Amino acid sequence: MAEESFTIIDNRSGNEVTVPIVDGTISSAALRQLDKGMWFYDPAYLSTANCDSKITFIDGAEGILRYRGYPIEQLADSSSFLEVCYLLLHGELPTQAQSDVWVDHITNHTYVHENIARFMQGFRYDAHPMGTLVSTVAGLSTFYPEAKDIDDPHNRMIQIIRLIAKMPTMAAFAYKNRLGLPYEYPVNNLGYTGNFLRMMWNVADPSFEPDPILTKALDVLFILHADHEQNCSTTTMRTVGSSQADPYSAVAAATCGLYGPLHGGANEKVIRMLHEIGSYENVDAYVEKVKSGEMLLQGFGHRVYKNYDPRAKIIKQTADRVFNVTGMNPLLDIAMKLEEVALSDSYFVDRSLYPNVDFYSGLIYEAMGFPMDMFTVLFAIGRTPGWLAHWQEMLDDPEQKIYRPRQKYTGPDERSYVAIGNR
Ligand code: ACO
């Protein structure tokens with residue numbers, strides 16, 4: 001059998017180095033044995049693995065996603081979001097006793113300090129809830145200064161519990177601010193997702209109960225968003241965390257990474273696109289515009305999946321259950337036609353462009369009554385355990401250090417300063 005290695009030859013000197021292939025990767029440090037001034041040039045990390053991870057497995061060609069070895073389909077079907085949080089963070093599914101303690105801890109940390117609730121009221125009535133969320137999460141670090149002690153695993157877990165527990169509270173408060181309505185405080189008799197829906201929708205009804213089908217559907221959506229290995233926001237979490245910043249600051253930074261339209265903001269863009277297309281008949285003309293490069297087909301394509309995103313399949317099934325309760329979202333017809341046209345067109349087939357997680361999730365959120373600018377906030381609630389699992393894993397990994405890539409300098413050579421009057 002051929003040796004599982006690469007040999008790199010420096011043609012300038014004739015020196016060579018043999019680099020073993022380990023788990024489908026070769027160590028870039030080996031190249032530097034040949035030349036200490038040589039770097040790999042890899043814009044946007046298209047071919048770089050930055051860490052070992054035991055959390056999430058993705059096979060983009062086959063459309064496979066597993067958390068800690070468990071297929072996403074089974075977790076969406078049989079688990080709950082809080083159980084998935086435990087799995088991501090601890091590596092194993094909890095026993096009943098562990099689950100009871102875990103759920104109890106999260107349930108008892110959902111309140112935010114009253115000063116947080118008050119400072120959130122300082123945002124303008126039209127503040128984008130992602131901006132409000134980012135700032136408020138960062139603000140939490142000032143309330144828990146002990147979070148800076150990132151070397152103590154017990155202390156870390158307390159901050160992790162606080163973050164998972166408080167994200168829905170801050171998200172719902174950000175929404176209520178916009179309406180000028182009083183905050184609805186968490187209640188302990190509802191589960192994580194039901195409690196969030198109550199904080200979102202309830203006004204003045206002490207007997208309010210969230211719809212169980214919508215609660216289950218949103219819980220599934222949180223599960224589907226819980227982790228996706230080294231994406232833009234998770235890499236941001238690891239990058240900021242690698243400087244040993246506290247987890248609130250790192251989660252705020254990761255939330256900023258998620259905010260952009262090429263990442264977590266795409267679901268909002270999908271709905272805007274479907275509204276812009278407006279009717280079934282306009283789909284073909286829109287696809288032609290995409291093919292001519294005028295715009296992107298939002299919710300299509302993925303850096304890793306070159307097949308149908310497995311999360312999009314589950315979301316499509318979940319949509320049927322949601323629409324039975326809420327009534328049909330009229331944009332669904334346009335979305336399905338768009339998918340059909342795109343999947344049979346060589347432009348999309350040749351580039352392996354398939355619907356991603358964001359293509360159908362916005363339709364569900366919209367049918368449930370969430371305004372568009374809350375979509376990415378929902379994504380952030382779901383992704384928080386994934387960010388924190390990676391943060392923990394990075395801190396415990398002896399190979400990890402402060403993140404510090406190199407660059408190729410292409411600016412001017414040395415030149416002399418010119419006084420302002422002579423420019
Ligand atoms: N619509 C039309 N063409 C597209 C799309 C799209 N949505 N996505 C990629 N392409 C084309 C590119 O123009 C490029 O064509 P070319 O080879 O002729 O230049 C080719 O497909 C490859 O695309 P890249 O941009 O190189 O792929 P990359 O891996 O860098 O980008 C990304 C992935 C950012 C997701 C991209 O597909 C995109 O912008 N999609 C739309 C936004 C979106 O849905 N984002 C959500 C991603 S999922 C998530 O973050 C949760």
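How far is a nitrogen atom of the ligand from a polar backbone atom of Leu-297? The separation is 2.7 Å.

This is a predicted model, in which local features need pLDDT of at least 70, side-chain atom pairs count only at pLDDT 80 or more, and totals for chains, interfaces and linings use all residues. Residues are numbered from 1 along each chain as its sequence is written, and side-chain values use heavy atoms, with hydrogens and water left out.

**Ligand site**

The ligand has 19 residues around it. A residue counts as near if one of its heavy atoms lies within 4 Å. Leu-297, Gly-299, Phe-300, Arg-303 and Asn-356 come nearest. By class, the shell holds 10 nonpolar, six polar and three charged residues. Here Ala, Val, Leu, Ile, Met, Phe, Trp, Tyr, Cys and Pro are nonpolar, Asp, Glu, Lys and Arg are charged, and the others, Gly among them, are polar.

The table gives polar pairs between ligand and protein.

| Ligand atom | Protein partner | Distance |
|---|---|---|
| Nitrogen | Leu-262, polar backbone atom | 3.3 Å |
| Nitrogen | Leu-297, polar backbone atom | 2.7 Å |
| Oxygen | Asn-356, side-chain N or O atom | 2.9 Å |

On its own, the ligand has 920 Å² of accessible area (Shrake-Rupley method, 1.4 Å probe). The protein covers 69% of that area.

**Nonpolar core**

The largest nonpolar core has 114 residues. Such a core joins buried Ala, Val, Leu, Ile, Met, Phe, Trp, Tyr and Cys residues through side-chain atoms within 4.5 Å. Helix H7 (residues 153–179) supplies the largest share, 13 residues. Helices are DSSP runs of H or I, at least four residues, numbered from the N terminus. Phe-370 is among the residues with the most contacts inside the core. Beyond its neighbours within four places in sequence, Phe-370 contacts (heavy atoms within 4.5 Å) residues including Phe-196, Trp-201 and Leu-378.

**His-390 and Glu-229**

His-390 sits in helix H18 (residues 375–395). His-390 counts as buried because its relative accessibility is 0%; buried means under 20%, exposed over 50%, partly exposed in between (1.4 Å probe, protein chains only). Its side chain makes a polar contact with the side chain of Asp-227 at 3.0 Å. Within protein, that term means N or O atoms within 3.5 Å, one able to donate a hydrogen and the other to accept it; residues adjacent in sequence count only if both atoms are side-chain atoms.

Glu-229 is one of the residues that His-390 touches. Glu-229 lies in the loop between helix H9 (212–225) and helix H10 (232–242). At 23% relative accessibility, Glu-229 is partly exposed. Its phi is positive, near 40°. Most residues other than glycine have a negative phi.

Conventions. Helix = DSSP H or I, 4+ residues; strand = E, 2+ residues; numbered from the N terminus.
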